[in-house]
Structures are given as structure tokens and as C-alpha cells.
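Let's take a walk through this one together, starting from a single buried side chain and working outwards. Have the viewer open and follow along.

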Amino acid sequence: MSTERVGGSGPSAEGHRTRLQRWLEGPNTVGRSREFWAGFAVVLAALLAYPFVAGSYQASRFSLFLVYAFLGLSLSVVWGYAGILSFGQVVFFGVAGYTFAVVSINVATPLGITVAFLAGIAGGALMAAVLGYFMFYGGVRNVYVTIITLVSTLVLHTFMAQTAGDEWTIGEAALGGFNGMPTIPNLALGVGPAAVTFDSVSFYYLVLALLVVTYLGLRALVNSDYGRVMVAVREDEDRTEMFGYDVRRVKLSVFTIGGALAGLSGVLYASWGNYVSPQVFELAFASLPVIWVSVGGRKTLLGAVVATVGIEFVRNSLGGEWAFVAVGTLLLVFILGLPGGLVPWIHDAYVDYRGDTPTQNLSDRSVGGD
Amino acid sequence: MVNGLNLLFQFLDSFAFIVLAAVGLAIIFGIMGVINLAHGEFIMVGAYATTLANIRAGLPLPVAMLVGVVVAAAFGLVVERVIISGSVPNALSQRFLGRVVIEPLYDRLADSMVATWGLSLVMVQGIRITLGNSLDQIGTPLGKIAYSGFSYSTYRVLLAGVAVCLLALTYYVFTRTEYGMRARATIQSEETARALGVDTERTYMTTFAIGSGLAGLTGALYAPTITMVPTLGGSFLVEAFVAVVVGGSSVVLGTLLAGGLLGSINALFSNLVGTFFGRIALLVTAIVMLRFLPNGITGYLEHLRTKRQEGA
């Protein structure tokens, strides 16, 4: 800061940095200290090095947890920031997965798969927009939104489970009922010779890159003016309406963004396992995003990512019969004892511990349970 | 081809299922403002206790059913004390940490859903670990009603009668007894009720135990007709959930009307296009109903009544 007026190239570089900072940092996210970004860089470096250390099999396994992180982020935006508890993020996840499967099986060229990738995300967003329009413009509020989204997952589960017959074949792609759709091609992006196909390690890096971009992009989003309106809707709908904002439109757009993110997750999921089945609409799976986001801290994006990857890693490693007992207990403990979630709690503890220099921004920050 | 008599039996069957599944959930939701997503697992506790009492302990079926009710009610009581009101952990933490750690889940709809969902995960998996993936089943008593090619289980049709009796009993309890009066006072205004000397904490505790006991009764009644797997609660939960939101705030009337409406839709579509579509039609009806009558059928009736009174 002291060199601001001295060096020739100083002001412009410094200017870029403050602009970036203003863009990424604000009252709606935790972590804006130098230490935070240093920690961010260390974790990122560790994740980049992971495939070299652990091998391609482990990297491929780990990329699934990163894929789920998009689903966690989508619920964090919708529930944590805009206050809409959606039990149906898996609807958009699953619809996107199925869309990707149908398009990519029919047109298994790199270009076709690129189109399938985009179509999947668009499918998730469209599904969310339709459901959201139906709910928010119909005046459905609060817990009834949760119930409609929950019931939507059940409808799709019941529906997809009965698509076993021959009449449920779209082009080359059979929907397959309970057995689901196998032989979904790997993700590929690009046209003709310039195309890249992603498998194991390259898929890991693609997902990691997308995740970092998404995380930073969402940070910018929730700290923008639009993000402030989003939080205002969460805090007090009627007052936000009175200030002249169209609450229905805000909710619909947030819900659609959430649908697109969940869709991205679903597309990556389908191409990760080369498989999608009605299991993605099951209640047990539908509840996982709620668990991740509750444990990590619903009002922080970082919490959603950390808890998703952490819980899925543990659940996958524990495996078998004790996994869901552990996850359920974790959820109970957090909802009852620490409703704000893990990441805000750690952050607060760290700020308390440092104690001495609470900057203006940190002291008016509003993270934590309500 | 729709056969009238067949349709009637199917209606009675799904009416009974929806009402019995919903009644305990509706009571807890209506009075405590708690959505118990572990309701299906409470039904599972009742069904398991009944089956174990009948098959392993050799008790006659009616006694075994009573055991199922009592076990579920007692379990509900423990859950209320430990999780919903948090009073047991809070008493402990007061003693050792000098502060409370849990805020009661009363009237925190979203949090109560998420917390009880956690409980249901633990319960399903806990039962699977301790008792395995399935249990022997009690045979369905009372034989079948048969006529020209169709046959229906007498017992399952009889359950429709039980459902109606249960609703009548619930109505009686909430309108004619001291507990019912206190409970209704607590819904109207918790603060005022407390100021007038109602122990609302005890009302909540009793309500949760009664709701759990009714879940246990549902489990006990259906134990002879369903496959005993740890996930059996799931099929009850969805119907119950949908009936409660479609019915609206009034426990008895709402459950009755929702059971009637959803039961007929389910029976009609199952008959016309198959069981799968019966279920889908039921769920879609619920979504559409919520869109147009966000406060449920009884909420709408209430709205009509106020409008008429204002007009008069």
C-alpha cells in the first residue's frame, strides 16, 4: 500500500488488485484476509498436485467429490443466500444427466458431446425455470416450496423407474427404467481434430478448473448488488418488495442459476461414471445436498464446497453400512448445536483468536445462524 | 375397463392408507409446527415392534399391535425430549458448560425438517445394522373378499373403517377433553396459553408422544400386509406428507378431505393406467393443489367462510 504513489507501474497493478478485491470480497462471503488467499493458494496447489501423488485411480475417484461440489454450491446459493430451501436440486441434476446421456449417445462425436454438455446444463436450468415460475409466480412460499421440490423428485423417481420398455427409447438411447442408462460417452469438448476427450486425470483437472472458476464467479455474484438483493429476499421478503424489488423475479432467477449449476454437476456426474439411473432422484440422494450445505454452513460458498468434498470423501471411504449413520448423526449435531455451520464457526474462532485487528469490514459482517 | 366395485375397494384401500399414514404427522405439524420427516420411520418402529412381539415373543396379534403402539409412543417421547425440545442435552450442558446448546425446534419448519431427516437416516440404517435387511412377515388375517375374478383382502378394506373411527376419536380428543383444550390454546397463542397457566412444554411433549403413538398404530395395523424392510417408512412418508399439505391446517377435517380426494384420484388412475401412474397422479395432484390452494383445502374453506361472513 505504501508504494502506491511511488513506482511507475505501481498504481495500475495496485488498481487491478483493488478492483479484483472489490469484486470478489464483500459482506456475503467469509475470508478476505491475506491469510485466507494464501490458504486458498496452498489448497489449490495441493489439489493440483494430487493426481501426481495419489495416482490416476485416486484422482478419478476424487473428481466425483469435486463434481458433487457444484451441486452443493447450487443449494448454497438457492437456500443459503436466497432463503429458498429446495429439496429438489437433484431434479435438475438428474434431468441434466439424462439429457446429456440421450444427446451424447445419439451423437457420439466430440461436437455432439459438446452440444450434449451444453444441452444438459440448459435442461437443468430450464427445468428450474419452469418449476420456479410455477411456484414463485403462483405465490407458493416458504415450506411449501420445499414440499413441492421434494415431491418433484419423487415424481421423477417414480416416472423414470418405469421407463424400462422399448417405447421409452429416444433415437439410439434407451432410458432403461430402474437399470438406468449405461455406456454414456466420456466428456469431450471442441470440434473435429481440435477436440479434447476427458478421462480420469484430464477429467479431474477439467472439473477442478471449472470448480475454481465457478467458486470465484459465485463469490463475485453474491457480493454484487444482485447478491445483496438476494440476501435481502432471504432476510425479509415483504420489506424487499416494499423497496421496489420484484421478489418473484429475483427468486426465479436465483432458482434458475441454481438449476444450471446443479445441471452442470449432473452432466459431469453422468460422464464421470458413464452411467445415470433413477437413483439420482431417490430421497436419500436428494437429502445429501441439504446435509452438505447444513454442515458446511449454508451461508457460505466455501462451506458448501469444503463440506461436500469432505463428507463425500469420508462417506465413500467409510463405505458400507455405517456411512449413513455417521452422516445422519453429523446432520443432527450440526442443525441442533451449530446451525451456522462449520466454516463460519472456524472463521469466527480464528478471528476471535487473532483478535487484535478487526477491520471495519469484518466487524459488520453478518455470518452465522439466525 | 373400470369395474365399479373394484374401484370402490381400491378407493377404500388407498383412503385408509393415506389417512392412517397422515394422522400422526398432521397432529404434530398442526400443533407443534414441526415437520417430522422421520414420521415414516416411526411407523416402521411400530411395524417392527408388532412383528417382533408376534413372531419372536409369540404374543397374539392384537396384543402385539398394542406393543407396537406403546413402543412407538415411548420412542417418540424420547425423541421429543432429546432432539425436538433439546431439554435433555440442554439440562446436561447447563450443568457442565453453564449454557444451553440447543434451541427447541418448535415452529422452525425448515430446521425441524432437516433435523428429523437426519434422524430418519440414522434410524433406517440403525435398524438395518441391528436387525438385517428384512424380517419375517405376519400373515394377513381375515382372508379375502372374492367376486367374479377380482379379490380383495378383507383386512385391508376393514382398515378404512378403522381410519374413520380414528379420525372421530381424534376429533373427540381435541374438542372434548382437557388436553385437547390446552393443545388448541397452545396453537392459538403459545404466549397467552402459558400466561393462563398452560404448561405448553408438557402439551408439546404429550402431542409428540400421541403423534408417534398414532404412527406406531399405523405401523402395527399395516405390519401384516407389507414386506418388513428397514425402508418401509418411505412409502408412508410421501403419502402422509402430501395429505397433510393438501389437507391444510385443520387436522381432522383436512386429513379426511385429503384422504378422500387423493384416495379417489389414486384409485381412478391405478385402475385406468396402472399403479405407477396412480402414484404419479397423486403426486402431481399435490403439486397442482399447492400451487392453487397454498393453504390446503381447509385453508380454502376457511377463506370462503370469512368471505361469506364479511359479505353478510
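Start at A:E312, which has a relative accessible area of just 3% and so counts as buried. Bear in mind that this is a predicted model. What does the carboxylate of A:E312 pair with? It forms a salt bridge with A:R315, and the closest N and O atoms are 3.0 Å apart. Both residues sit in helix α11 of chain A (residues 301–318), three residues apart, which is about one turn of the helix. A:R315 is buried as well, at 18% relative accessible area.

There are 13 salt bridges in the structure, counted over all chains. Another one in chain A joins A:R234 to A:E235, with 2.9 Å between the closest N and O atoms. Here the arginine, A:R234, is buried at 19% relative accessibility. A:E235 is partly exposed, at 47%.

Now hop over to chain B. B:D13 and B:R156 form a salt bridge, their closest N and O atoms being 2.9 Å apart. How many residues separate the two in the chain? They are 143 residues apart, so this pair links distant parts of the chain: B:D13 belongs to helix α1 of chain B, while B:R156 belongs to helix α6 (residues 154–176) of chain B. B:D13 counts as buried, with 14% relative accessibility, and B:R156 counts as partly exposed, with 22%. Elsewhere in chain B, salt bridges with shared partners tie B:E80, B:R81 and B:E201 into one network.

From charges to rings. Over all chains, the structure holds 31 aromatic pairs. One of them is A:Y50 with A:F62: the ring centres lie 5.0 Å apart and the planes meet at 45 degrees, so the pair is classed as tilted. A:F62 is buried, at 11% relative accessibility. Both rings belong to a cluster linked by ring pairs, made up of A:Y50, A:F62, A:F65, A:Y204, A:Y205 and A:F313.

Next, the empty space. How big is the largest pocket? Its volume is about 1,300 Å³. The lining takes in 42 residues, and those nearest the pocket's centre are B:T231, B:L232, B:G234, B:S235 and B:R279. Elements from both chains give two or more residues to this lining: α5 (143–161) and α10 (283–296) from chain A, plus α1 (4–32), α2 (39–56), α5, α10 (233–247), α11 (251–273) and α12 (275–292) from chain B.

As for enclosed space, there are four cavities of 30 Å³ or more. The second largest has a volume of about 60 Å³. Its lining includes B:A26, B:F29 and B:G30, along with B:A243, B:V244 and a run of residues from B:G247 to B:V251, then B:G254 and B:T255. In chain B, α1, α10 and α11 each supply at least two of the residues that line this cavity.

Out on the surface, look for a nonpolar patch in chain B. It is formed by B:V78, B:V82, B:V88, B:L92, B:F96 and B:L97, which together have about 580 Å² of accessible area. Two helices of chain B, α3 (61–84) and α4 (87–96), give two or more residues to the patch. Which of the elements contributes the largest share? That is α4 of chain B, with three residues. B:L97, for its part, lies in the loop between α4 and α5 (109–131) of chain B. Is B:L97 buried or exposed? At 56% relative accessible area, it is exposed.

Finish with a bit of backbone geometry. Most residues other than glycine have a negative phi. A:T183 has a positive one, about 55 degrees, although it is not a glycine. You'll find A:T183 in the loop between β2 (173–174) and β3 (188–189) of chain A, where it counts as exposed at 65% relative accessibility. A:S200 is another non-glycine residue with a positive phi, about 25 degrees. A:S200 is found in helix α6 (residues 200–222) of chain A and is partly exposed, at 31% relative accessibility.

Terms used:
Residues are numbered from 1 along each chain as its sequence is written. Chains are lettered from A and ligands numbered from 1 in the order in which they are written. This is a predicted model: local features need pLDDT of at least 70, side-chain atom pairs count only at pLDDT 80 or more; totals for chains, interfaces and linings use all residues. Side-chain values use heavy atoms; hydrogens and water are left out. Patches are made of residues with over 30% relative accessible area and no salt bridge: like charges are joined within 9 Å, nonpolar side chains (Val, Leu, Ile, Met, Phe, Trp, Tyr) within 5 Å. Accessible areas come from the Shrake-Rupley method with a 1.4 Å probe; for residues, only the protein chains shown count as cover. A salt bridge is a side-chain nitrogen of Lys or Arg within 4 Å of a carboxyl oxygen of Asp or Glu. Helices (H or I, at least four residues) and strands (E, at least two) are DSSP runs, numbered from the N terminus. Buried means under 20% relative accessible area, exposed over 50%, partly exposed in between (1.4 Å probe, protein chains only). Rings of Phe, Tyr and Trp (its six-membered ring) pair if their centres lie within 6.5 Å; planes under 30 degrees apart count as stacked, over 60 as edge-to-face and the rest as tilted. On a 1 Å grid over the protein atoms alone, a cavity is a set of points where a 1.4 Å probe fits but cannot get out, and a pocket is an open set with protein on both sides within 12 Å along at least five of seven lines; lining residues have an atom within 4 Å of a point. Grid points are joined across faces, edges and corners, and a volume is the space filled by probe spheres set on the points.
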